[in-house]
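Thanks for coming, everyone. Let's get the picture up on the screen and walk through it together.

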Amino acid sequence: MPATIRSPQLPNRVSFREAVQDAITDRRARACVLLMDLDRFKEVNDTLGHHYGDLLLQQVATRLRRQLREGDQIARLGGDEFAILSRLSTRADAAGLAQRVADCLRGPFELEQISVDVQASVGISMFPEDADDVETLLQKADVAMYQAKSTRKDVAVYDERCDNHSPSKLALTADLRAGLQDDQIVAWYQPALDLRSGQVFSVEALVRWEHPRLGLLPPAAFLEMTEHTNLIKPLTHRVLDVALLQAATWRELGIELTMAVNVSPGVLIDEQFPSQVLDALRRAGVPPAQLKLEVTESALMSDPEVAHEVLLELSKLGIQISIDDFGTGYSSLAYLADLPVSEVKIDRSFVGRMGSRSKEGIIVNSTIDLAHNLGLRAIAEGVEELSLISDLKTLGCDAAQGFAISYPLTTGDATEWLLNLEKVPRIEGFKARVA
Ligand code: C2E
Ligand code: CA
Ligand code: CA
């Protein structure tokens, strides 16, 4: 995190450690440590700039302070990491506070006309049960925070039974380095439906990590950490290889689909990326037009010039480009209109809540119009209800993806799903078939 971000006037790591030490020294005391980081801070900072990053941190600090009782201590440990020390004595009380903390950060933050959503996972450790020194208490709260992230919960209390199984960031990074060599990185596949023809026209490869001790990990458990290390490039290339080889296998079975692969910001601004993608296509024997790369608005905004160049190269090769999570970023429409993009993917936060008169419904409707006016296809993601499919069709939406059509599937299940589509279409008015 750049050192230029000003502190939102909270005590820092040093004073927090002193406060925890005081609690420990008072042997009769019982206390809990809550640790959290914000999952979209880096994106706000990178795309909107440090001024907005500062504003966000200040507002986070204000909301957190409101949750505290007398005697509680709050600190900003660095970057987007916050900690709270409270004299609460039971795990249940600590979990209650942690949940209130997570809840209070959920609503949008209004930063000078820009509305920003963040989320936090909170890890908890207890004194004296979990540890009786500052370092270990913080470390165990960190383990719990990762436990929360990997199970996609808001809150986790430290549990020693999970400790071996929920390594710290550092251990996980080392594991991933090994895992990349050992084929532990796999892809699951989620199909998408063309709403005009009723055909399944593409699948999205979604990374999973088959961790030898932790079991199957979703991207939420490791992607953020990977994006902060130089492992995001090997990870992306691994998923690309796996997905393209799968596309080639399906081709041989007569299933010809666009294969969509997600690309992280750090990878997109690498000038080598287009030629590496071309190599991967050649290795798998898949034509460029069959590959779609999904990039987020924030990926485009972190270094717009290089991103533009790279996208241009990719599209010249015939590769399709989709803007993922559309509507959640902060890019200007003028900038998007200039990009060699073929599709926008409307974020599931709008699609999931698009009642006929809701704000989200209006956003979905106007995004579809906007996409069409720019000559792009609109695809709605996060379609959980079958009824949404006909609503989307009425709005002129081109395609849909979501649990209502299919969950992400393992390679085996996806192959079976694609080969037996007549079993699939519970969707009225559609005879799903592969293009
Ligand atoms: P995404 O690109 O927006 O992918 C869609 C995510 O939404 C997937 O979560 C999928 O399981 C979930 N999803 C699909 N349909 C529905 C639905 O109807 N309702 C709800 N609530 N969720 C739905 P997953 O697999 O956990 O992936 C999460 C995110 O991780 C992805 O979001 C993407 O940003 C990232 N990701 C996944 N695979 C890769 C990868 O290979 N490389 C990179 N860089 N990022 C990846
Ligand atoms: Ca995606
Ligand atoms: Ca998305």
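**A walk through the model**

Let's start with Gln-113. Gln-113 is exposed, at a relative accessible area of 81%. Keep in mind that this is a predicted model.

Where does Gln-113 sit? Look at the loop between β4 (109-111) and β5 (114-116). Its backbone stands out too. Gln-113 is not a glycine, yet its phi is positive, about 75°.

Next, another backbone feature. Find the peptide bond from Phe-127 to Pro-128. Cis or trans? That bond is cis, and omega is near 5°. Pro-128 belongs to the loop that runs between β6 (120-127) and α5 (134-150).

Now to the metals. Take the calcium ion called ligand 2. Which residues coordinate it? Four names: Glu-204 (OE), Asn-262 (OD1), Glu-294 (OE) and Asp-324 (OD). The distances run from 2.2 to 2.3 Å. Along the sequence, the spacing of these donor residues reads E-x57-N-x31-E-x29-D. Pick out two of them. Asn-262 is in strand β11 (residues 258-262) and Asp-324 is in strand β13, so this pair ties together parts 62 residues apart in sequence.

How covered are those two? Asn-262 is partly exposed, with a relative accessible area of 28%. Asp-324 counts as buried, at 7% relative accessibility. The cut-off for buried is under 20%.

On to the second calcium ion, ligand 3. How far apart are the calcium ion (ligand 3) and the calcium ion (ligand 2)? They are 4.0 Å apart. Asp-324 coordinates both.

What else holds ligand 3? Its protein donors are Asp-324 (OD), Asp-325 (OD), and Glu-381, which is listed twice through OE. These donors lie 2.2 to 2.6 Å from the ion. In sequence, the donor residues follow the spacing D-D-x55-E. Asp-325 is in strand β13 (residues 320-326), while Glu-381 is in the loop between β15 (377-380) and α17 (386-394), so the pair ties together parts that are 56 residues apart in sequence.

Buried or exposed? Glu-381 counts as buried, at 8% relative accessibility. Asp-325 is partly exposed, with a relative accessible area of 27%. Stay on Asp-325 for a moment. Its phi is near 50°, a positive value in a residue other than glycine. And its place, again, is in strand β13.

Now ligand 1. How many residues surround it? The count is 21. The closest are Arg-208, Ser-264, Arg-348, Glu-384 and Phe-403.

Let's look at some of the polar contacts. A nitrogen atom of ligand 1 is 2.6 Å from an N or O atom in the Glu-384 side chain. For Ser-264, the distance from a side-chain N or O atom to a nitrogen atom of the ligand is 2.7 Å. For Gln-190, a polar side-chain atom lies 3.0 Å from a nitrogen atom of ligand 1.

How much of ligand 1 does the protein bury? Alone, the ligand exposes 800 Å², and the protein buries 86% of that. Two elements give two or more residues to the shell: β9 (199-211) and β13. Which one gives the most? That is β9, with four residues.

We have met β13 before. Asp-325 of the ligand 3 site lies in that strand. Asp-324, which coordinates both calcium ions, lies there as well.

Last stop, a helix. This is α13, residues 304-316. It has 13 residues. From first C-alpha to last it reaches 18 Å, close to the 18 Å expected at 1.5 Å a residue.

Which residues of α13 are buried? They are Val-306, Ala-307, Val-310, Leu-311 and Leu-314. Seen down the helix axis, the buried residues of α13 fall within an arc of 130°, so they line one face. As a general reminder, an α-helix has 3.6 residues a turn, so residues three or four places apart point the same way.

Now turn to the other side of α13. There, Glu-305 and Lys-316 are exposed. Just past the helix, Gly-318 takes a positive phi of about 100°.

That's the tour. I'm happy to take questions.

Key:
Residues are numbered from 1 along each chain as its sequence is written. Chains are lettered from A and ligands numbered from 1 in the order in which they are written. This is a predicted model: local features need pLDDT of at least 70, side-chain atom pairs count only at pLDDT 80 or more; totals for chains, interfaces and linings use all residues. Side-chain values use heavy atoms; hydrogens and water are left out. Donors are N, O and S atoms within 2.8 Å of the metal (3.2 Å for Na, K and Ca); water is not among the atoms, so sites may look incomplete. Buried means under 20% relative accessible area, exposed over 50%, partly exposed in between (1.4 Å probe, protein chains only). The expected span of a helix is 1.5 Å times one less than its number of residues. The arc is that of the directions from the helix axis to the C-beta atoms. A residue is near a molecule or strand if one of its heavy atoms lies within 4 Å of it. A polar contact is a pair of N or O atoms within 3.5 Å; within protein, one must be able to donate a hydrogen and the other to accept it, and residues adjacent in sequence count only if both atoms are side-chain atoms. Accessible areas come from the Shrake-Rupley method with a 1.4 Å probe; for residues, only the protein chains shown count as cover.
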